[in-house]
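Student: I've got a model loaded and would like to talk through its backbone and packing. Can we go step by step?

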Amino acid sequence: MRAVVVSRPGGLEALEIRDMPVPAREPGWVLIAVRAFGVNESEVTTRKGESDAEVTYPRVPGIEAVGVVAGADAGSVGGDEARVADVEVAGFAAIFDALPTPYLVLDTDLRMVAANRAREEATGVPAREVVRQYLFDAFPDDPEDRDAQSTSQLRASPERVIATG
């Protein structure tokens, strides 16, 4: 599998894309073939080296991800892959909208294709007003800050993932 790996504490230069072995699934665990992932604030803290002392490197972040169940215990949710595919397609919108954390879904052109209810509540902006917008048109750097670099720094991460597969 290809994975983003935090090789050491640091900035974006600490992120590497590597070929990694698929983890062995343990009893009671579900193995997911990841199709998309989000970056959680705790993962940014870990990348910066600001986590607890027991955090080790290198590590593959992955608190928030979506994908297809690739392995699970018989009889558990996801144990029957055909059934999971039906549930995944039918239930995605309801699950996504019910998540308590604000989320945006981006396509590979970095255009917003979906926003959940928590995001609407947090920002006061309806999803219909952001869908189809280019991410960095919607969230530009502060025009009054000549040294602002957050947009270019943030842009580098998804563009690198897209470029390298």
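Student: How many bridges join β5 to β6, and which way do the two run?

Tutor: Quick housekeeping: this is a predicted model, so local features need pLDDT of at least 70 and side-chain atom pairs count only at pLDDT 80 or more, while totals for chains, interfaces and linings use all residues. Residues are numbered from 1 along each chain as its sequence is written, and side-chain values use heavy atoms, with hydrogens and water left out. Strands (E, at least two residues) and helices (H or I, at least four) are DSSP runs numbered from the N terminus, and two strands pair if DSSP finds at least two bridges between them. For β5 and β6 there are three bridges, and the strands run antiparallel.

Student: Which residue in β6 is the bridge partner of Val 105?

Tutor: β5 covers 104-106 and β6 covers 112-115. They form a hairpin with five residues between them. The partner of Val 105 in β6 is Ala 114.

Student: What is the phi of Leu 110 in that turn?

Tutor: Leu 110 sits in the loop between β5 and β6. It is not a glycine, yet its phi is positive, at about 60°.

Student: Is Leu 110 buried or exposed?

Tutor: Buried means under 20% relative accessible area, exposed over 50%, and partly exposed in between (1.4 Å probe, protein chains only). Leu 110 has a relative accessible area of 5%, so it is buried.

Student: Which elements give two or more residues to the largest nonpolar core?

Tutor: A nonpolar core is a set of buried Ala, Val, Leu, Ile, Met, Phe, Trp, Tyr and Cys residues joined through side-chain atoms within 4.5 Å. The largest one has eight residues, including Leu 110, Met 112, Val 130 and Phe 136. The elements giving two or more are β6, α4 and α5.

Student: Arg 132 also has a positive phi; where is it, and is it buried or exposed?

Tutor: Arg 132 is not a glycine either, and its phi is about 80°. Its place is the loop between α4 (127-130) and α5 (135-138). With 65% relative accessibility, Arg 132 counts as exposed.

Student: Which residues does a cis peptide bond join?

Tutor: Look at the loop between α1 (41-48) and β4 (64-71), where Pro 58 is found. Omega is about -5° there, and the cis bond joins Tyr 57 and Pro 58.

Student: Last one: how accessible is Ile 32 in strand β3?

Tutor: Ile 32 is found in β3, residues 31-38. Its label is partly exposed, and its relative accessible area is 42%.
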